[in-house]
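Work through these short exercises with the structure open. Try each task before reading its solution.

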Amino acid sequence: GDPLATPVGNIDISRPIATAANYEMEIHEPKVANNKRQDGRNLEIKWKNTRELKSTKGDVIAPKQLVLTQYFPLQATEKMTIKQVAQGIARLAKGIGLPASITPNDIINNPSILSGKTALVKVGIKQETTEYPEGNEVKGVVIEG
């Protein structure tokens, strides 16, 4: 049938949710930005799927249609030491195949080096909360070997 001729009451307007799995994804719009609380900065990247995926309802999600933002805090927090901050960035760098000599500061000072890099990303489904509907989330980069 024609989606544009379907009564709106019959149209599912929820965003498609990819099944939980590892997907090849590509980094878009890497940047360093102030965090929501304005008490520090995050390295922010958008992951986009490189291939068609299946949604939990069996629909096709076209390439680049699943967009998941991942935030890496760039300072120690109550939940994270500065060493863990460095480990998070190192895990990302290894997952996308950056040279082993690169430092977290190199990436923070020039986030564009991440742009267009791909990695196998573990995607999960986070349950609905009062703030957000059910959706996908990045669980982390899968490191080969």
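**Exercise 1: a residue at the surface**

The model is predicted. Task: decide whether I11 is buried, partly exposed or exposed.

Solution. Step one: take the relative accessible area of I11, which is 35%. Step two: compare it with the cut-offs, where buried means under 20% and exposed means over 50%. I11 is therefore partly exposed. Step three: place I11 in the chain. The residue is found in the segment before β1 (21-34). Step four: look at its company. V8, I11 and I13 make a nonpolar surface patch of about 340 Å².

**Exercise 2: following the strands**

Task: find which strand β1 is joined to by six bridges, then trace the pairing onward from that strand.

Solution. Step one: the partner of β1 is β6 (residues 118-126), and the two run antiparallel. Step two: pick a residue pair. E24 stands opposite L120 in β6. Step three: move on from β6. This strand also pairs with β7 (residues 135-142), in the antiparallel sense, over seven bridges. Step four: return to L120. In β7, its bridge partner is V142.

**Exercise 3: the largest pocket**

Task: state how much space lies in the largest pocket, and find which strand gives the largest share of its lining.

Solution. Step one: the space is about 1400 Å³. Step two: count the lining, which has 35 residues. Nearest the centre lie K36, T69, Y71, K126 and Y132. Step three: check the strands. β2 (41-49), β5 (67-73) and β7 each supply at least two lining residues. Step four: the largest share comes from β5, with six residues.

Definitions and conventions: Residues numbered from 1 in each chain as written. Predicted model: local features only at pLDDT ≥ 70, side-chain atom pairs only at ≥ 80, totals over all residues. Heavy atoms only, no water. Patch = residues over 30% accessible without salt bridge, like charges linked within 9 Å, V, L, I, M, F, W, Y side chains within 5 Å. Areas by Shrake-Rupley, 256 points an atom, 1.4 Å probe, with all protein chains shown as cover. Salt bridge = Lys/Arg side-chain N within 4 Å of Asp/Glu carboxyl O. Helix = DSSP H or I, 4+ residues; strand = E, 2+ residues; numbered from the N terminus. Buried < 20%, exposed > 50% of the residue type's maximum accessible area, 1.4 Å probe, protein only. Pairing = 2+ DSSP bridges. 1 Å grid on protein atoms, 1.4 Å probe; cavity = no way out; pocket = protein on both sides within 12 Å on 5 of 7 lines; lining within 4 Å. Points joined across faces, edges and corners; volume = space filled by probe spheres on them.
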